[in-house]
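Work through the exercises below with the sequence and the 3D structure open beside you. Try each task before you read its solution.

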Amino acid sequence: MDQFTHFNEEGRAKMVEVGNKLNTKREAIATGSIYMMAETLNKIIDREISKGDVLAVSQVAGIMAAKKTSDMIPMCHNIILTGADIHFNIDRENNKIDIQATVRTTGKTGVEIEALNAVSTAALTIYDMCKAVDRGMEITGIKLMKKTGGKSGDFIRE
């Protein structure tokens with residue numbers, strides 16, 4: 001990282017100009033986890049949460065969040081996404097659900113924040129739908145795992 005690019009000459013926030021950048025295929029993958037009581041996890045698996053199918057709603061919420069990221073994060077560009085998907089891994093041994101978001105575009109700027117926002121919102125949706133059963137759930141480990149495309153090149157977390 002050479003320098004922060006979101007400041008104008010007066011040191012105030014600005015949206016970075018990307019008009020001269022080339023359109024390239026870009027992808028970002030983010031992950032995170034939500035820990036809960038075993039009882040809560042079993043109710044999710046057995047579809048016994050009164051608000052509905054937790055993972056189905058959470059998946060849609062994560063995709064919607066990816067699409068609306070620029071409405072939530074002030075300096076994010078509006079990006080036309082070419083794809084967004086959420087996957088869940090249920091880990092009974094550790095009473096958690098791992099969440100992975102993959103977001104794609106062909107454009108002038110990347111989709112890292114969109115992927116991170118998708119994971120965050122999917123986890124928050126799980127929390128919201130299950131809080132009547134378990135207010136002690138913990139959302140943790142939200143991070144970018146991979147980013148491809150663009151001038152800065154690829155990033156793969158080891």
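**Exercise 1: The two sides of a helix**

On the other side of α2 from its buried residues, Met 64 and Lys 67 are exposed. The model is a predicted one. Task: find which residues of α2 are buried, and work out what covers them.

Solution. Begin with the list of buried residues in α2, which consists of Val 54, Leu 55, Ser 58, Ala 61, Gly 62, Ala 65 and Ala 66. These residues cover an arc of only 135° around the axis, and therefore they lie on the same side of α2. A general rule helps here: an α-helix has 3.6 residues a turn, so residues three or four places apart point the same way. Next, look for what covers the buried residues of α2, and you will find α1 (38-45), α3 (69-72), β2, β3 and α4 (112-130) among the elements that do so. In particular, α2 (residues 54-67) lies across β2 and β3 (96-107), and the helix runs at about 145° to β2.

**Exercise 2: The length and the start of α2**

Task: check whether the ends of α2 are as far apart as they should be, or not, and then examine which contact is made at the start of the helix.

Solution. At 1.5 Å a residue, the 14 residues of α2 should span 20 Å, and because the end C-alpha atoms are 20 Å apart, the model agrees with this expectation. At the start of the helix, a side-chain oxygen of Asp 53 comes to within 3.3 Å of the backbone nitrogen of Leu 55.

**Exercise 3: A second helix and the residue after it**

Task: say which residues of α1 are buried, and then describe Arg 47, which is found in the loop between α1 and α2.

Solution. In α1, the buried residues are Thr 40, Leu 41 and Ile 44. Their arc around the axis is only 100°, which means that they are on the same side of α1. The cover over these buried residues includes α2, β2, β3 and α4. Just after α1 comes Arg 47, which takes a positive phi of about 55°, although Arg 47 is not a glycine. To see why this deserves attention, recall that most residues other than glycine have a negative phi. Finally, Arg 47 counts as exposed, because its relative accessibility is 61% and the cut-off for exposed is over 50%.

**Exercise 4: Reading the order of the sheet**

Task: state in which order the five strands form the sheet, and explain why one side of each edge strand has no neighbour.

Solution. The five strands form an open sheet in the order β2-β3-β1-β4-β5, with antiparallel pairing. The edges are taken by β2 (83-91) and β5 (155-156), and each has a single partner strand, so one side of each is left without a neighbour in the sheet. At one edge, β5 is joined by two bridges to β4 (residues 138-148), the two strands running antiparallel, and Lys 147 has Phe 155 in β5 as its bridge partner. At the other edge, nine bridges join β2 to β3, again in the antiparallel sense.

**Exercise 5: A strand with two partners**

Task: follow β3 through the sheet, asking which residues stand opposite Gln 100 and how many residues of the strand are buried.

Solution. Strand β1 (residues 24-35) pairs with β3 in the antiparallel sense over 12 bridges, and Thr 31 stands opposite Gln 100 in β3. His 87 also stands opposite Gln 100. Nine of the 12 residues of β3 are buried, so the strand is largely enclosed by the rest of the structure. The hairpin of β2 and β3 has four residues between the strands, and within it Asn 95 takes a positive phi near 50°. Asn 95 is partly exposed, with a relative accessible area of 24%.

**Exercise 6: Contacts from afar in the sequence**

Task: leaving aside neighbours within four places in sequence, list what is in contact with Asn 117 and with Ile 79.

Solution. Asn 117 has its place in helix α4 and is buried, at a relative accessible area of 9%. With those neighbours left aside, Asn 117 is in contact with Ala 65, Ala 66, Thr 69 and Met 72. Ala 65 and Ala 66 are themselves among the buried residues of α2. Ile 79 is found in the loop between α3 and β2, and, with the neighbours within four places again left aside, its contacts are Thr 105, Thr 109, Gly 110, Val 111 and Glu 114.

Methods. Residues are numbered from 1 along each chain as its sequence is written. This is a predicted model: local features need pLDDT of at least 70, side-chain atom pairs count only at pLDDT 80 or more; totals for chains, interfaces and linings use all residues. Side-chain values use heavy atoms; hydrogens and water are left out. Two strands pair if DSSP finds at least two bridges between them. Contact means heavy atoms within 4.5 Å. Axes are lines fitted to C-alpha atoms, for helices over the stretch in contact, and angles run from 0 to 180 degrees between N-to-C directions. The expected span of a helix is 1.5 Å times one less than its number of residues. Buried means under 20% relative accessible area, exposed over 50%, partly exposed in between (1.4 Å probe, protein chains only). The arc is that of the directions from the helix axis to the C-beta atoms. A polar contact is a pair of N or O atoms within 3.5 Å; within protein, one must be able to donate a hydrogen and the other to accept it, and residues adjacent in sequence count only if both atoms are side-chain atoms.
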